[in-house]
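Here is a short briefing to read alongside your structure. Keep the viewer open and follow the topics one by one.

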Amino acid sequence: MIRRVGAGAAVVATALVLATTHGFAQGQRGRGPRWFKTNLHSHTINSDGDSTPYDLFAWYRRNGWNVLVITDHNILTDTAPMQANGQLGALVIQGEEITNEKNVHVNGIGVHTFVPPATGTITEILQTCIDRIRAAGGIPLINHPNWKFTIGVKDLLPLKNTGLLEIMSGYNLMNEYGDGRDVPSMEEAWDQLLTSGVRFWAVAVDDTHNLRQEFLPNRGNPGQAWVWVRAEALTEQAILSALSSGDFYASTGVELTELTATASSLTVDVKDNPDTRQRVVFIGKGGRVLQTSFDKPARYNFKGDEGYVRARVEDSGGWRAWTQPVFLK
Ligand SMILES: [Zn+2]
Ligand SMILES: [Zn+2]
């Protein structure tokens, strides 16, 4: 198996080189990268969440997550005590939801110094946050652009040094599906950005707020949306590195057993679910559907003019997974 690598102009060639150089053929040497279930967006009582950092981390750990990023509003929640408490088998990463004027929110994943909010136009706020997060050693994640219909594609197009884009949230009122008229769904917006040459890796998050009340659709309960990150170790450095290079996929319930890009194809295999059926939709430039496959595994052979190729897995139960784009020359 060849590890897929997304970033960079000559991506496909790079992937092959990396695969050879680092011996990523899984299983060959009995070791290699593993998949880590990760929530990139959560709140505690240090901002508007209802639980302590410890209780929040315990929920995720107990329910099979490997990584939790705590992103309280404009405060750096101290995560060191939880790691020190010996909750092995899971990793908590420090973060911050930089909460700016105009309802512009940007997560700094892996920042360890406070990043202050910014002012200006929406694009200026976003760019300032991106630059400050990068300077602090973190990865910027633009949160819920369609919340209150705040951030449009036109605001995102001028951005430089982009990172992650939230296209699905477990929290309510994020308008991920667009309004069907003026505002595209977040997935459509992502395709518009990619087609225009603005590269984002797409993520799904919980935006967790509520553990203590009854679970209801209008509450920010945990366990709704996440990313599976392929990394060599359960360390902050390895997870951040994989997030930077796009070696992960977003999910609301679908799990993949294979995700492989070579110079000539993208292959996706879906973990069997006895109760549902899945199909894999391959998508290219402009959001064009290139192929729908019911095969296991599903494979798309590149023709060369697709611009990029990504896959969306559609489960008959409503679950989804989104792989990152492979850019073709
Ligand atoms: Zn927010
Ligand atoms: Zn939030």
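**The fold at a glance**

Among contacts in the protein chain between residues at least 6 apart in sequence, 62% link residues at least 24 apart. Please keep in mind that this is a predicted model. The chain has seven helices and 17 strands, and 45% of its 329 residues count as buried.

**Helix α4 and its surroundings**

- Helix α4 covers residues 122-135, and its length can be checked: at 1.5 Å a residue, its 14 residues should span 20 Å, and the end C-alpha atoms are 20 Å apart, so the two agree.
- Which residues of α4 are buried? They are Ile-125, Leu-126, Gln-127, Thr-128, Cys-129, Ile-130, Arg-132 and Ile-133.
- The buried residues of this helix pack against three strands, β3 (91-99), β4 (105-109) and β5 (139-142), and against helix α5 (153-156).
- Just after α4 comes Gly-137, which takes a positive phi of about 85°.

**Two glutamines to compare**

- Gln-127 sits in helix α4, and Gln-83 has its place in helix α3 (residues 80-84).
- Why does Gln-127 count as buried? Gln-127 is buried because 20 other C-beta atoms lie within 10 Å, and 20 or more is the cut-off for that class.
- Gln-83 has 15 C-beta neighbours inside 10 Å, so Gln-83 counts as partly exposed.
- Leaving aside neighbours within four places in sequence, Gln-127 is in contact with Leu-159 and Lys-160.
- Gln-127 and Asn-161 are 34 residues apart in sequence, and their C-alpha atoms are 8.5 Å apart in space.
- For Gln-83, the C-alpha atom is separated by 9.4 Å from that of Ile-93, ten residues away along the chain.

**The largest nonpolar core**

- In soluble globular proteins, nonpolar side chains tend to be buried together.
- Here, the largest nonpolar core holds 77 residues, and the members that touch the most others are Val-67, Val-203, Val-227, Val-229 and Ala-250.
- Both domain 1 (1-22 + 258-329) and domain 2 (23-254) supply at least three residues each to this core.
- What does Val-203 contact, leaving aside its neighbours within four places in sequence? Its partners are Leu-40, Leu-141, Leu-164, Leu-165, Glu-166, Val-227 and Ala-250.
- Two of these partners, Val-227 and Ala-250, also appear in the list of core residues that touch the most other members.

**A three-stranded sheet**

- Strands of a sheet pair through backbone hydrogen bonds, either parallel or antiparallel.
- An open sheet of three strands runs in the order β10-β11-β14, and its pairing is antiparallel.
- Which strands lie at the edges of this sheet? They are β10 and β14, each of which pairs on one side only.
- Neighbouring strands in this sheet are turned by 5° against each other on average, direction ignored.
- Five bridges join β10 (residues 256-261) to β11 (residues 265-270), and these two strands form a hairpin with three residues between them.
- In that pairing, Glu-258 stands opposite Asp-269 in β11.
- On the other side, β11 pairs with β14 (residues 298-301) over four bridges, again in the antiparallel sense.
- Two positions to look up there are Val-268, which stands opposite Ala-298 in β14, and Thr-267, which stands opposite Arg-299 in β14.

Methods: Residues numbered from 1 in each chain as written. Chains lettered and ligands numbered in written order. Predicted model: local features only at pLDDT ≥ 70, side-chain atom pairs only at ≥ 80, totals over all residues. Buried ≥ 20, exposed ≤ 12 C-beta atoms within 10 Å, placed from the backbone. Contact = placed C-beta atoms within 7 Å. Expected span 1.5 Å × (residues − 1). Core = buried A, V, L, I, M, F, W, Y, C linked by C-beta atoms within 7 Å. Domains from an automatic or database assignment. Pairing = 2+ DSSP bridges. Axes fitted to C-alpha atoms, helices over the stretch in contact; angles between N-to-C directions.
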